[in-house]
Structures are given as C-alpha cells and as structure tokens.
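Reader: I would like a close look at one part of this model. Please keep the answer plain and give the cut-offs.

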Amino acid sequence: MKKFNYRKTVVVLLTFTSMASGLSFGSMTTEAKKVSSSMVLKAPAVKRVKVKKRTYYYNKKGKKLKKKILKKGKKLTVVKKAKKIKGKKFYLVTKNRFVLVKDVANIKSKIKKPQKQPVNQSTQTNPGNSTNPVDTDTPANSANTGTTQPTQNNSTIADFSISEFRQEFLKELNNERTKRGLSPVTEDSHLDEVVQERTKLLPDNFSHNDSSGNFILNDFFNKAGIVRKTTAECLAMFPWGATIDRSNNELINAKNTASSALVADNMLYEYIYNDAQSNWGHRDILLAPNDKTIGLGALADKKSGQIFSSVGVIY
C-alpha cells in the first residue's frame with residue numbers, strides 16, 4: 001500500500017547566548033541533522049460510498065477478511081483514489097482495510113440550505129449529544145491523547161484558535177515531561193508575542209535561518225531584550241483536517257474532528273515520537289531537563305491549508 005507522504009523540515013538549531021547581554025556568544029550554532037528537501041503534508045481526498053451487495057473487507061495484499069462482513073447498504077468513507085492490488089481496484093477505508101471498487105457505489109452529496117448557527121457553536125460542541133451518527137469505518141485519529149474531540153463538526157481552517165493551540169500544546173508537553181520525571185515548563189506571554197511575530201515569516205521562509213544564515217528567533221529575542229542562557233527552536237507545519245495514525249505514522253483524513261487542539265497534539269507527537277530524521281533533535285529540545293520557559297507561535301495559512309508553528313525554548 002502506498003503511503004501518504006508527508007514532509008517537514010527537520011533542522012534543529014541551538015544558539016548559545018550571553019546571559020548578561022542577550023547577544024550571541026561566539027555565534028556558535030549546532031544542527032541536529034539537515035535533510036536536503038522539505039515537503040508539505042497533504043491529507044488524502046475522501047468520499048462517501050454505499051455497499052451494493054453483501055461483501056467483505058480486504059487487507060493490503062488483497063486477501064479477503066472473512067470475519068469482516070459488510071452488509072448491503074452500509075455507508076463508508078473511503079480515499080477517493082483507487083489502488084490496484086493483484087489486478088483489482090480497491091478503495092482504502094482505514095488502516096489495512098480495503099473494499100472492492102465494484103462492490104460499492106458513490107453517494108451523491110445533497111446540498112442543504114445554510115442554517116443560522118450560534119457564533120460559538122463549534123467551540124461548544126458536546127460529543128455526548130451530537131446529532132451526527134458516528135461512522136466507525138471512517139479513517140480517524142487512532143491515538144488516545146486524552147483530548148476530547150467532537151465526533152463531527154464543521155470547523156474550517158478559518159476557525160483556528162491560537163489560544164486553544166497554546167493551551168493544548170503546553171498541557172501535552174508537560175504530560176510528556178512529567179512521565180519522564182522532568183519539571184514542567186511554563187509559558188510566558190511576552191515570549192509568546194515575540195515568537196508569534198517570528199512565526200509570521202514561516203509561510204514564506206520555512207527555515208530557522210534568514211538569507212544571511214542568521215538564526216531568526218535568536219535575533220528576535222535579542223531585539224526584544226530577552227535575557228537567557230540558550231535559545232532553541234522547533235518548527236512545524238501541519239494541515240488542517242488531518243491527523244497521524246499513530247500505529248503506522250501515516251497521515252489520514254480527520255476533517256470531521258478538525259480542531260486547533262488536534263493540530264497541537266499531532267505536532268507534539270511528531271516532535272516526540274516521530275523525529276528520527278532529525279536524529280531526535282526536536283525531542284531532545286522539548287524534553288531537556290534544563291528547559292524552563294517556552295513561547296508558542298502559530299498561524300493558519302488559508303492559501304496552503306497549513307498551520308505553521310514555532311516553539312521557542314529558553315533557560
């Protein structure tokens with residue numbers, strides 16, 4: 001089965017600074033590991049289909065899963081692009097579960113008249129009282145992060161909330177640190193402001209350095225007069241409406257559960273558990289015993305559909 005490729009910059013920079021002046025000390029920069037190309041994470045397009053006759057699921061080798069019976073009329077969410085396995089066309093339903101293209105029919109979407117909704121409904125959805133049925137075969141986030149997500153919502157990237165993102169990222173980061181016997185870090189509002197300004201550069205320059213090779217975040221901290229011993233930064237971009245299947249680290253569709261908290265959860269997971277390409281540099285930054293304070297920046301780029309984020313760490 002072809003994996004849905006996702007791409008991210010994995011350069012990690014650490015610049016040592018003078019505690020007294022906040023100026024670069026010896027301009028020493030270390031890098032975890034450089035990767036020659038960075039790529040954009042894209043979620044697969046999906047559609048709804050209905051089973052035409054009694055059939056079965058198949059695995060990625062085209063073998064019928066006889067215990068997984070699909071009854072006529074069963075509705076499924078599948079990846080639009082069909083995949084050929086042993087000469088037959090299949091749709092991917094979820095991890096290692098496929099259905100024969102010939103056994104299902106497309107469901108035509110019905111256009112409904114827009115209805116007036118409370119302005120804050122999307123942020124007050126009660127999963128226990130959702131009126132939308134849950135499709136157990138819809139590709140969804142397989143991870144249990146402890147974050148409660150709505151079973152279904154109509155959120156778009158325009159609904160991205162920086163406050164919700166920051167709250168979730170800090171909570172989950174400190175959970176990871178506590179599990180390892182490390183002291184929790186605190187979030188500083190002044191650092192947040194500085195890092196947020198730095199984050200605004202990411203859609204046009206997804207890099208730790210400017211065109212002259214200067215460490216961008218370090219320059220921002222210096223100009224803001226932030227006194228510190230070290231500066232470290234983690235960068236990420238992640239698409240709205242997607243999530244990581246943590247059983248295989250593949251990107252899957254999650255439009256029905258999209259939220260700012262879900263983006264934060266996925267970014268942190270990538271930093272901590274799927275960072276081998278950068279020689280675990282991001283993980284080492286976020287789980288360093290000496291970490292004291294962080295600043296979080298994030299923005300939604302509607303043009304690319306990506307959420308860009310910078311995490312600045314100092315002590």
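Which residues touch the most other members of the largest nonpolar core?

Author: This is a predicted model, in which local features need pLDDT (the predictor's confidence in each residue, from 0 to 100) of at least 70, side-chain atom pairs count only at pLDDT 80 or more, and totals for chains, interfaces and linings use all residues. Residues are numbered from 1 along each chain as its sequence is written, and side-chain values use heavy atoms, with hydrogens and water left out.

A nonpolar core is a set of buried Ala, Val, Leu, Ile, Met, Phe, Trp, Tyr and Cys residues joined through side-chain atoms within 4.5 Å; buried means under 20% relative accessible area with a 1.4 Å probe, protein chains only. The largest has 33 residues, and Phe-165, Phe-169, Tyr-271, Leu-286 and Val-311 touch the most other members. Two or more residues each come from H1, E12, strand E13 (242-245), helix H4 (260-273), helix H5 (281-286), E15 and E16. Helices (H or I, at least four residues) and strands (E, at least two) are DSSP runs, numbered from the N terminus. H4 gives the most, with seven residues.

Take Leu-286: leaving aside neighbours within four places in sequence, its contacts (heavy atoms within 4.5 Å) include Phe-169, Leu-173, Cys-234, Leu-268, Tyr-271, Val-311 and Val-313. Arg-177 and Asp-291 are also in contact with Leu-286.

A second, separate core of ten residues includes Val-51, Tyr-57, Leu-76 and Val-93.

As for confidence, the mean pLDDT of the protein chain is 74, and 70% of its residues reach 70 or more. Over residues 1-43 the pLDDT is below 50, although this stretch has 116 contacts beyond near neighbours in sequence. Where pLDDT is low, the predicted coordinates should not be read in detail.

Terms used
Buried < 20%, exposed > 50% of the residue type's maximum accessible area, 1.4 Å probe, protein only.
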